[in-house]
Amino acid sequence: MRLAQQGDKKAYAQLFQEITPLLRAFVRKKISRAEDMEDIVQEILISIHRASKTYDTARPFKAWMFTIARFRLNDHLRGLYKNRAQGAEISYEDADHNLLEAAHVTESYESREYINKLLAHLPKKQKKIITMMKIEGYTAKEIATALKMTESAVKVSAHRAYKVLATRAKEEK
Amino acid sequence: MDTDSLIQTMVEEGASRPLPHPVKQTILWLAGTGFYLGFMGGYFGLRPDIVLKIDNFLYGLEIFFLCCMSVSTAMAAFCLSRPDGHQKPWMKYLPFGFAALWTVTAFTGAMDQIPIAEIFSAMSIAMSRGAFDCPKHIALFSIPPGLAIFLIVRLGAPTQYLWAGSIATWSATSFGYLLLRLIEQNDNPAHLIVWHALPIVFMCALGMIIGKYALRWR
């Protein structure tokens, strides 16, 4: 890090290459989902990069690095528990992820019948929500007003529907 | 973006140049604060009996411990601007030691004025007098150094932002207290507790809240 602070980019790259496995091992102890784990490792790496000015070369590097890693990991876990405490069964990232998966499926088949077939597996209300949201382009707020539901209930319902659709799509493949 | 590409991007940006050492930051901040407080002291004028008071051993000791408390809080705040607290976890507790010594000294000095048993009734009398000028002056003396210390702490990456906020406020307000002790000719312990010390405690709690929003490293 001392060399990196003096502008040595090779040393900086080597530092990152060496600490990434350590950080992965550190995060793996708390996070089991592989994609979450890599996201957190990246967040930690960015934090280390942004905080590089605060490192005093006279002090041990690992203690500094793991403090940042712990802070970012706790931040992530705090956000996760907060979402759960607020009753949100899903995170927006999850919803987006599943949505992308579903979008990918629709792109690959490019068939409206196929989508209709998938939607047929959904309960009536979920089918309505997905149709309004993804085909007709309404926002969750507008759907909530139209169906006399709360906005969060619409989002939760949509997320459940995405899950069913993704599962069905995988089965059909 | 995969991790290797991210590393490549960050390497291209390069590491930032290190911040000055916390001791250096403390010295710079103390110089600025000293200049400001010197100016304010000159403007308001020191208490008329300052020469006599300085000769009083306990008063001198009280001022000395106040200085130690203020300097140690500044040092602790700058250490807390590092994510790892500059690897000196004891630093943030050091001001409490000086605060305890200062409290003992101040109480010992005040015992000849009011018996300890009557301190609470004296405090309620002091409260009813409503000397709002004192906390106002403490705030006036503390706000510019407080803003400066918050800005400097923000340059770092404080992970203990609540601590950093309250300790930074404590540092600025204790200098305000110190100057007020040199300006105001009132040694009534009940007045000092109610209108000097308690507002500082309140301001530190406020500093903690401000720290949560202004200092939190994202």
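**Entry 1: chain A**

I began with the secondary structure of chain A and counted nine helices and zero strands. From the N terminus on, I read its elements as α-α-α-α-α-α-α-α-α. I noted that the model is a predicted one.

I then looked up burial in chain A. Of its 173 residues, 38% are buried. The exposed surface of chain A is about 10500 Å², and carbon and sulfur atoms supply 52% of that area.

I also looked up how far apart in sequence the contacting residues lie. Among contacts in chain A with a separation of 6 or more, residues 24 or more positions apart account for 61%.

**Entry 2: chain B**

I turned to chain B and asked the same things of it. Its secondary structure comes to nine helices and zero strands. Along the sequence, I recorded the pattern α-α-α-α-α-α-α-α-α for chain B.

Chain B has 218 residues, and buried residues make up 51% of them. I found that chain B exposes about 10700 Å², with 72% of this supplied by carbon and sulfur atoms.

For contacts in chain B between residues at least 6 apart in sequence, I noted that 85% join residues at least 24 apart. I also recorded the extent of the chain: the C-alpha atoms of chain B fill a box of roughly 70 × 30 × 30 Å along the principal axes.

**Entry 3: where the chains meet**

How many residues does each chain bring to the contact? I found 32 residues from chain A and 32 residues from chain B. Together the two chains bury about 2700 Å² between them, and 60% of this lies on carbon and sulfur atoms. I noted three residues of chain A here: A:K53, A:R59 and A:F71 supply 22% of the area that chain A buries against chain B, more than any other three residues.

I next looked for polar links across the contact. Between chain A and chain B there are 12 residue pairs in polar contact, both residues of each pair being at pLDDT 80 or more.

Which elements give two or more residues to the side of chain A that touches chain B? I listed α1 (2-5), α2 (9-28), α3 (34-50) and α4 (61-85) of chain A. The largest share of that side, eight residues, comes from α4(A). By character, I divided the residues on the side of chain A that touches chain B into 13 nonpolar, nine polar and 10 charged.

The count of salt bridges between chain A and chain B is one. I identified its partners as A:D75 and B:R216, whose closest N and O atoms are 2.5 Å apart.

**Entry 4: the residue A:S52**

I closed by examining one residue, A:S52. Where does A:S52 sit in chain A? I located A:S52 in the loop between α3 and α4 of chain A.

Is A:S52 buried or exposed? Its relative accessibility is 0%, so A:S52 counts as buried; the cut-off for burial is under 20%.

I then looked up the surroundings of A:S52. Leaving aside neighbours within four places in sequence, A:S52 is in contact with A:M1, A:Q5, A:Y12 and A:W64 of chain A, and with B:A15 and B:S16 of chain B. For B:S16 I recorded a particular approach: the side chain of A:S52 reaches the backbone nitrogen of B:S16 at 3.0 Å.

Note on methods. Residues are numbered from 1 along each chain as its sequence is written. Chains are lettered from A and ligands numbered from 1 in the order in which they are written. Side-chain values use heavy atoms; hydrogens and water are left out. Contact means heavy atoms within 4.5 Å. Buried area is the accessible area (1.4 Å probe) that two parts lose on being put together, summed over both. A salt bridge is a side-chain nitrogen of Lys or Arg within 4 Å of a carboxyl oxygen of Asp or Glu. A polar contact is a pair of N or O atoms within 3.5 Å; within protein, one must be able to donate a hydrogen and the other to accept it, and residues adjacent in sequence count only if both atoms are side-chain atoms. Helices (H or I, at least four residues) and strands (E, at least two) are DSSP runs, numbered from the N terminus. Ala, Val, Leu, Ile, Met, Phe, Trp, Tyr, Cys and Pro count as nonpolar, Asp, Glu, Lys and Arg as charged, and the others, Gly among them, as polar. Buried means under 20% relative accessible area, exposed over 50%, partly exposed in between (1.4 Å probe, protein chains only). Accessible areas come from the Shrake-Rupley method with a 1.4 Å probe; for residues, only the protein chains shown count as cover.
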